[in-house]
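Let's take a friendly walk through a protein and look at the spaces inside it. Have the sequence and the 3D view ready as you read.

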Amino acid sequence: MTQNNAASGNNAVVEVPTLVVGGGIAGLATALGLGRKGRPVHVIERAPEFGEVGAGIQLAPNAMAVLDELGVLDEVMKDAVLPQKKRYMDAVTGKEIATIDLGPEFVAHYGYHYIVTHRADLHSALLKGCQENEFVTLENNRTVLRAENLDGGKAQVVTEDGTTYLADAVIGADGLRSAIRPLIVEDQTVPSEYVAYRGTVPIETVPAEAVETPMVLCWLGPHMHLIQYPLRGGKLYNNVAVFRSDFYSPDHENWGTEEELDARFGICCEQVQEAGKYLNREIRWPMYDREPVKTWTEGSVSLIGDAAHPMLQYLAQGGAQSLDDSLAMVDAITTEPDAQAAFKSFEARRVEHTGNIQRLARVAGELFHIDGIGRELRNNSFKDHVPTDYQNLDWMFMPLRKAPEARTYPI
Ligand SMILES: Cc1cc2nc3c(=O)[nH]c(=O)nc-3n(C[C@H](O)[C@H](O)[C@H](O)COP(=O)(O)OP(=O)(O)OC[C@H]3O[C@@H](n4cnc5c(N)ncnc54)[C@H](O)[C@@H]3O)c2cc1C
């Protein structure tokens, strides 16, 4: 365990074997994975406390397998919901487009459920795992400014308060706007011109017939969509409303406003319009990704998770891929002779796959939000989709390591 804030600041130099920058899903999962293999690892996080913002997260079987390997699956499952379907609906007509069956056939096929859970529950399960592991140390209030490779194979990381961390391996898990990334890739975040509003309400707020069967509902409409699912053992209902702003500008914040939200959702069916009431209108989440790149590593520094491959959220795979990354990173570090070799091996295993998901997420966005004849064509082309046909999902959902027997939990 440790929560160690003592030995830094005031130009202190701190030496650690492996340094993880960022205590989100990617950073904590990697630290826990290394700790479980007996590798000392130190995590530094900008925020005053480790935690997660936002509400729900969907976790596909690939993510579940990693949580299992990290020994936190039972903890995560305590309050998780097991949706039995993921259903795509036309947001304007209210008619079904296609359904993915997430029931027993799905679980038998992948070896794991598809779950929805509160981000805070996922994060706290990973954090608890780290706190209980003698090889993991954790430190808050450390904002990283940059990383550099040094002669002799080590790397250094400098924080805002003047601390320098020297490490044999530095893993940048600091998300979309990573401070480590500029060492490796010169690029910018790409604005999608879409913005999300989220809201989680007590389940009683929602009409009972809308939540009879636990499912993930994806309402697709012109330049907008809405995702809904139950959370926390079915006590809460999570809503994520996303739409394109006509007024996007990098120069001001006055885009993606409530008025635009209401206008986009105003043409939708009743159930979608109703969800407008469940949203927290105080906070809006502009959506960005980056272009996929061919490398994330340089010398003894590597990126992981959103720092490496930030993607639009339309495939619900950003967090899952961060977890897959963590498993691949732990494999690489524990089998290769040094950090440089480990990072190259990690990158070779992951870069093409995650790049494909980044690209497909953009395509999925186009399909979700298409209007006019395109919308008709989309709806018709999924007409014959068989809910238990998982062929097109295997490449994303199949766990990197499958359990010998399906890990089932009661619904
Ligand atoms: C609306 C929305 C819905 C989504 N839904 C899903 C879903 O259903 N399923 C799914 O799998 N994924 C989903 N995602 C994607 C998922 O949230 C991300 O891919 C995932 O959180 C990435 O984790 P990460 O640890 O790489 O980065 P982050 O979660 O961004 O964590 C980075 C951490 O680094 C810290 N940090 C940042 N900068 C510094 C610094 N300079 N110094 C020190 N620390 C720093 C941050 O405080 C943070 O704790 C969704 C994303 C969005 C926006």
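This report visits the ligand, a pocket, two cavities and one glutamine.

## Before we start

What you see is a predicted model, in which local features need pLDDT of at least 70 and side-chain atom pairs count only at pLDDT 80 or more, while totals for chains, interfaces and linings use all residues. Residues are numbered from 1 along each chain as its sequence is written, and side-chain values use heavy atoms, with hydrogens and water left out.

## Around the ligand

Start at the ligand, which has 29 residues around it; a residue is near a molecule if one of its heavy atoms lies within 4 Å of it. The closest are Glu45, Gln58, Arg119, Val144 and Asp306. By class, this shell has nine nonpolar, twelve polar and eight charged residues. Here Ala, Val, Leu, Ile, Met, Phe, Trp, Tyr, Cys and Pro count as nonpolar, Asp, Glu, Lys and Arg as charged, and the others, Gly among them, as polar.

Helix 1 (25-36), strand 3 (56-59) and helix 8 (318-335) each give at least two residues to the shell, and helix 8 has the largest share, with four residues. Helices (H or I, at least four residues) and strands (E, at least two) are DSSP runs, numbered from the N terminus.

Now zoom in on the polar contacts, which are pairs of N or O atoms within 3.5 Å; within protein, one must be able to donate a hydrogen and the other to accept it, and residues adjacent in sequence count only if both atoms are side-chain atoms. A polar side-chain atom of Arg119 sits 2.9 Å from a ligand oxygen. Polar backbone atoms take part too: one of Ala26 is 2.9 Å from an oxygen atom of the ligand, and one of Ala320 is 2.9 Å from a ligand oxygen. On its own the ligand exposes 1,000 Å², and the protein buries 85% of that. Such areas come from the Shrake-Rupley method with a 1.4 Å probe; for residues, only the protein chains shown count as cover.

## The second largest pocket

Rolling a probe the size of a water molecule over the atoms shows where empty space is left. On a 1 Å grid over the protein atoms alone, a cavity is a set of points where a 1.4 Å probe fits but cannot get out, and a pocket is an open set with protein on both sides within 12 Å along at least five of seven lines; lining residues have an atom within 4 Å of a point. Points are joined across faces, edges and corners, and a volume is the space filled by probe spheres set on them.

The second largest pocket holds about 680 Å³ of space. Its lining has 28 residues, and Tyr88, Ile100, Leu315, Phe382 and Leu393 are the closest to its centre. Helix 9 (339-369) is one of the elements that each supply at least two lining residues, and helix 9 gives the most, with five. The lining divides into 21 nonpolar, four polar and three charged residues.

## Two cavities

How many cavities of 30 Å³ or more are there? The count is two. The largest has about 40 Å³ of space, and helix 7 (residues 270-275) gives the most to its lining, with three residues. The second largest cavity has about 30 Å³. Its lining has seven nonpolar, one polar and no charged residues.

## A buried glutamine

Gln84 sits in the loop between helix 3 (73-77) and strand 4. Is Gln84 buried or exposed? Gln84 is buried because its relative accessible area is 16% (buried means under 20%, exposed over 50%, partly exposed in between, with a 1.4 Å probe and protein chains only). A polar atom of the Gln84 side chain lies 3.1 Å from the backbone oxygen of Leu82.
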